[in-house]
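Me: I would like each descriptive term in this model set against its definition. Please give the cut-off, then the value, then the conclusion.

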Protein chains: 2
Amino acid sequence: MRGPARSAEVIGILGGMGPAATADFYAKLVATTPGSSDQDHLRTVIWSDPTIPDRTEALLGDGPDPTPWLLDGSRVLREAGATVIAIPCNTAHAFVPRIAGHAGLPIVHMIGEVARHLTVRRPGIHTVGLLATTGTVRAGLYQEWLDRFGIRLVLPDGDSQDRDVMTAVRAVKAGARDGTASEPLARAARRLTDRGAQAVIAGCTEIPLGLPADAVDVPLVDPSLILAQALVRLATNRSTTG
Amino acid sequence: MRGPARSAEVIGILGGMGPAATADFYAKLVATTPGSSDQDHLRTVIWSDPTIPDRTEALLGDGPDPTPWLLDGSRVLREAGATVIAIPCNTAHAFVPRIAGHAGLPIVHMIGEVARHLTVRRPGIHTVGLLATTGTVRAGLYQEWLDRFGIRLVLPDGDSQDRDVMTAVRAVKAGARDGTASEPLARAARRLTDRGAQAVIAGCTEIPLGLPADAVDVPLVDPSLILAQALVRLATNRSTTG
């Protein structure tokens with residue numbers, strides 16, 4: 001594979017939601033980039049502001065709107081020379097329509113990339129389960145994109161969503177890396193596969209940090225890895241054609 | 001431990017040397033920061049420019065001077081709102097005297113922090129070994145700081161430096177995570193402990209990625225972890241006193 005060596009692209013990462021997920025996403029971007037020396041890698045600027053108000057709380061009507069923070073972060077990235085923005089937080093994508101017109105840069109849409117990936121790379125999959133924050137679920141982010149591509153979405157019931165998924169996401173955000181999160185997440189995933197899910201989307205960037213892929217019987221789809229791959233593709237295409 | 005919650009500090013990371021080491025450093029900074037939610041973490045801006053010319057080549061007289069790239073990255077960080085700069089690359093510290101006066105921000109000196117850490121936290125250690133790039137060794141970076149604190153430094157002989165250490169560093173930069181790097185690094189570390197080293201400094205940010213701590217019989221000192229701890233201490237002190 002030809003790499004993005006000396007690409008004109010500067011990847012802007014609007015991060016901090018949460019910070020561990022941002023570090024994990026950048027590690028995936030580096031690991032996904034082909035190359036044999038430092039100089040083959042992409043220039044990247046990361047604005048990681050963990051003080052951005054909680055996205056799920058805002059979507060449930062309980063907290064301040066994070067939009068001003070997201071706009072401010074986009075400005076920092078643009079002024080630093082970024083040519084494209086990636087947001088490694090699923091829930092924050094609920095606010096993308098509010099910032100897209102003001103960011104001054106294209107935003108590579110993580111959830112749109114997941115829908116495209118499933119269609120192109122896994123055409124046999126017609127039903128997928130979703131493990132995500134209550135904010136992402138309520139905002140219908142995956143529903144909207146998967147509908148467009150004709151893929152059926154299976155969601156946890158309310159009890160599993162609150163007790164298993166959100167508890168695990170909060171445990172990862174609090175630093176748990178000891179399996180505290182993996183049991184409830186694996187249980188929630190099993191309930192989705194019992195209901196026909198042929199793959200499960202780890203639809204919150206904290207989830208791959210808490211749930212090992214082998215704890216799930218079906219493919220576990222990692223949106224942050226798919227976003228990293230989309231960025232490398234973009235940089236490679238532009239550097240070879242432009 | 002009281003955390004740096006809502007610190008006024010914005011950590012600026014001048015990275016990309018290499019990019020995997022930068023991702024690893026940011027993950028360590030996040031893991032080191034006390035807190036139970038996203039909002040307890042430090043605002044951070046990372047400029048990761050892997051196209052910066054190789055530091056070792058410049059120090060050996062074979063490559064372009066990376067100073068202009070480092071100055072440019074410092075400017076990006078300052079304009080993005082950083083209040084302090086950290087450079088998670090040992091070899092790049094050879095160029096710190098050239099950028100310190102122009103960066104417009106304090107630089108937390110990783111190698112100085114390692115010398116301080118050894119003196120304060122490990123007062124029984126009087127002789128340490130160093131695994132680092134040939135650039136770091138030739139520039140005498142650790143020699144200078146450890147001399148000041150009265151610690152004796154043991155270096156690999158020329159053959160071990162070239163054949164084991166540099167080969168391993170290049171393997172990690174090329175993406176090796178499969179043990180290719182750990183054998184030569186463990187061999188080089190053993191030669192240092194045979195010559196009296198009571199601890200070994202993993203003095204290139206790629207080395208902790210290639211050498212597991214348990215492959216060495218004495219404590220393996222990780223400068224990037226010590227730098228992360230110094231930043232958290234700085235942010236915590238300033239937020240509680242200022």
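**Terms and values**

Reply: The crossing of α3(A) and α4(A) is right-handed.

Me: What makes a crossing right-handed or left-handed?

Reply: The near helix is turned from the far one by less than a right angle, clockwise for right-handed and anticlockwise for left-handed. Helices (DSSP runs of H or I, at least four residues) and strands (E, at least two) are numbered from the N terminus.

Me: What are the ground rules for the model and its numbering?

Reply: This is a predicted model, in which local features need pLDDT of at least 70 and side-chain atom pairs count only at pLDDT 80 or more, while totals for chains, interfaces and linings use all residues. Residues are numbered from 1 along each chain as its sequence is written, chains are lettered from A and ligands numbered from 1 in the order in which they are written, and side-chain values use heavy atoms, with hydrogens and water left out.

Me: At what angle do α3(A) and α4(A) cross, and which residues make the contact?

Reply: The axes of α3 (residues 67-79) and α4 (residues 96-103) of chain A come within 10 Å and cross at roughly 30°. Axes are lines fitted to C-alpha atoms, for helices over the stretch in contact, and angles run from 0 to 180 degrees between N-to-C directions. The contact (heavy atoms within 4.5 Å) joins A:T67, A:L70, A:L71, A:S74 and A:R78 of α3(A) to A:R98, A:I99, A:H102 and A:A103 of α4(A).

Me: How do the residues of that contact divide by class?

Reply: The contact of α3(A) with α4(A) has 4 nonpolar, 3 polar and 2 charged residues. Nonpolar here means Ala, Val, Leu, Ile, Met, Phe, Trp, Tyr, Cys and Pro; Asp, Glu, Lys and Arg count as charged, and the others, Gly among them, as polar.

Me: How are α1(A) and α1(B) arranged, in angle and axis distance?

Reply: Helix α1 (residues 19-32) of chain A packs on helix α1 (residues 19-32) of chain B at about 165°, with axes 9 Å apart. That value makes the pair roughly antiparallel, the term for angles over 145 degrees (under 35 is roughly parallel, 65 to 115 roughly perpendicular, the rest oblique). The crossing of α1(A) with α1(B) is left-handed. P19, A20, T22, A23, Y26, A27 and V30 of chain A in α1(A) meet B:P19, B:A20, B:T22, B:A23, B:Y26, B:A27 and B:V30 in α1(B). By class, this contact has 12 nonpolar, 2 polar and no charged residues.

Me: How do you know which symmetry relates chain B to chain A?

Reply: Two copies of a chain are related by a rotation about an axis and a shift along it. Here a turn of 180° and a shift of 0.0 Å along the axis lay chain B on chain A with an RMSD of 0.0 Å, the copies being superposed by least squares on the C-alpha atoms of residues with pLDDT of at least 70 in both. That is the relation of a two-fold axis. The same surface serves both copies, since 100% of the contact residues of chain B recur in chain A. B:I46 is the residue of chain B that comes closest to the rotation axis, at 2.5 Å (C-alpha).

Me: What is the strand order of the 8-stranded sheet, and which strands are its edges?

Reply: The order is β4(A)-β3(A)-β1(A)-β2(A)-β2(B)-β1(B)-β3(B)-β4(B), an open sheet with mixed pairing. Strands pair if DSSP finds at least two bridges between them. The edges are β4 (107-108) of chain A and β4 (107-108) of chain B, each pairing on one side only. Strands β1 (residues 10-15) and β2 (residues 43-48) of chain A pair in the parallel sense over 6 bridges, so the cut-off of at least two is met. A:V10 stands opposite A:R43 in β2(A).

Me: How many bridges join β7(A) and β8(A)?

Reply: Strand β7 (residues 199-202) of chain A pairs with β8(A) in the parallel sense over 2 bridges. A:I201 has A:V221 in β8(A) as its bridge partner. These strands belong to an open sheet of 4 strands in chain A, ordered β6-β5-β7-β8, with parallel pairing.
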